[in-house]
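Trainee: I would like to go through the terms used for this structure. Please set each one against its cut-off.

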Amino acid sequence: MPKIYLSPSVQEFNHYVDGGNEEYYMYLIADAMEPYLRANNIDFDRNQPEMTLSEVIGDSNAQNYDLHLAIHSNASPESSAGQNTGVEIYYFPTSQSGKRFADILQNNYKSIYREPGDIRVIPSRSLAELRRTKAPAVLIEVGYHDNRQEAQWIRDNIDNIARTLAKSVVEYFNQEFVEP
């Protein structure tokens with residue numbers, strides 16, 4: 001049975017434009033993923049909100065996971081706050097498995113995102129969850145939480161996002177997706 005590590009953001013200090021924070025909404029997405037993963041016989045563990053990023057990485061590395069999925073929402077630099085849109089999917093440049101999963105996520109996310117052409121797959125050596133985890137890892141920024149329309153889209157699509165992420169995990173493991 002495939003086993004993944006779910007890592008919703010632990011960044012409660014990243015506030016959404018109309019209330020709430022990144023940690024809260026990313027945990028809702030991870031919560032909503034669980035029934036989909038169970039229905040598809042994907043075993044999982046996940047981080048806890050009180051963990052630091054180093055603890056999250058240590059927890060992920062403590063077992064042999066087949067995949068590490070970090071779930072975040074994005075914010076623009078102060079000079080362009082509220083103006084950006086889009087989805088960014090990061091993977092470590094030398095990880096063929098990470099790149100494959102990032103491509104699957106991009107393809108599946110197009111079916112739910114407002115602007116399918118605004119979903120980018122980006123190699124990154126700087127993100128700790130990609131660089132320091134043993135399992136192939138991907139970090140997805142599901143949208144911009146400082147943009148009012150994007151933040152509302154995230155709130156309105158918690159289950160759609162969760163289903164799409166879970167469906168992508170199932171596809172990564174070459175299985176047929178089963179609804180709960």
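**Helices, sheet and loops**

Mentor: This is a predicted model. Start with a helix pair. From α1, the residues Y25, L28, I29, A32, M33, Y36 and L37 meet I158, D159, I161, A162, R163, L165, A166 and V169 of α6.

Trainee: What makes these residues count as meeting?

Mentor: Contact means heavy atoms within 4.5 Å. The listed residues of α1 and α6 meet in that sense.

Trainee: Why is α1 called oblique to α6?

Mentor: Two packed helices are described by the angle between their axes and the distance between the axes. For α1 and α6 the angle is about 55°, and the axes lie 8 Å apart. Under 35 degrees would be roughly parallel, and 65 to 115 roughly perpendicular. The angle falls in neither range, so α1 is oblique to α6.

Trainee: Which hand does the crossing of α1 and α6 have?

Mentor: That crossing is right-handed.

Trainee: Now the sheet. In what order do its strands lie?

Mentor: The order is β2-β1-β3-β6-β4-β5. The six strands form an open sheet with mixed pairing.

Trainee: What makes β2 and β5 edge strands?

Mentor: β2 (43-46) and β5 (119-123) each have a single partner strand, so one side of each has no neighbour in the sheet. Neighbouring strands here are turned against each other by 20° on average, direction ignored.

Trainee: How do you know that β1 pairs with β2?

Mentor: Pairing takes at least two bridges. Strand β1 (residues 3-8) has four bridges to β2, and the two run parallel. The cut-off is met, so they pair. Within that pair, I4 is opposite F44 of β2.

Trainee: Which helices pack on the sheet?

Mentor: Helix α1 (residues 22-39) does, touching β1, β2, β3 (67-74) and β6 (137-144). Its direction makes about 140° with that of β3. Helix α2 (residues 53-61) packs on the sheet as well, touching β1, β2 and β3. The direction of α2 makes about 175° with that of β1.

Trainee: How do you know that β3 pairs with β1 and with β6?

Mentor: Count the bridges again. β1 and β3 are joined by five and run parallel. β3 and β6 have six, also in the parallel sense. At least two are needed, so both pairs qualify. Y5 has H68 of β3 as its bridge partner. L69 is opposite V138 in β6.

Trainee: Why is β3 called largely enclosed?

Mentor: Buried means under 20% relative accessible area. Eight of the eight residues of β3 are buried, so the rest of the structure largely encloses the strand. L67, L69, I71 and S73 point one way, while H68, A70, H72 and N74 point the other way.

Trainee: Next, the loops. Is N157 buried or exposed?

Mentor: N157 sits in the loop between α5 (148-156) and α6 (158-172). Its relative accessible area is 12%. That is under 20%, so N157 is buried.

Trainee: What makes the approach of N157 to W153 a polar contact?

Mentor: A polar atom of the N157 side chain lies 2.8 Å from the backbone oxygen of W153. The cut-off is 3.5 Å, so the distance qualifies.

Trainee: Why is P136 called partly exposed?

Mentor: Its relative accessibility is 21%. Buried needs under 20% and exposed over 50%, so P136 is partly exposed. P136 lies in the loop between α4 (128-131) and β6. Among the residues P136 touches are D66, L67, H68 and Y172.

Notes. Residues are numbered from 1 along each chain as its sequence is written. This is a predicted model: local features need pLDDT of at least 70, side-chain atom pairs count only at pLDDT 80 or more; totals for chains, interfaces and linings use all residues. Side-chain values use heavy atoms; hydrogens and water are left out. Axes are lines fitted to C-alpha atoms, for helices over the stretch in contact, and angles run from 0 to 180 degrees between N-to-C directions. Buried means under 20% relative accessible area, exposed over 50%, partly exposed in between (1.4 Å probe, protein chains only). A polar contact is a pair of N or O atoms within 3.5 Å; within protein, one must be able to donate a hydrogen and the other to accept it, and residues adjacent in sequence count only if both atoms are side-chain atoms. Angles under 35 degrees count as roughly parallel, over 145 as roughly antiparallel, 65 to 115 as roughly perpendicular and the rest as oblique. A crossing is left-handed if the near helix is turned anticlockwise from the far one by less than a right angle, and right-handed if clockwise. Lists of a residue's contacts leave out its neighbours within four places in sequence.
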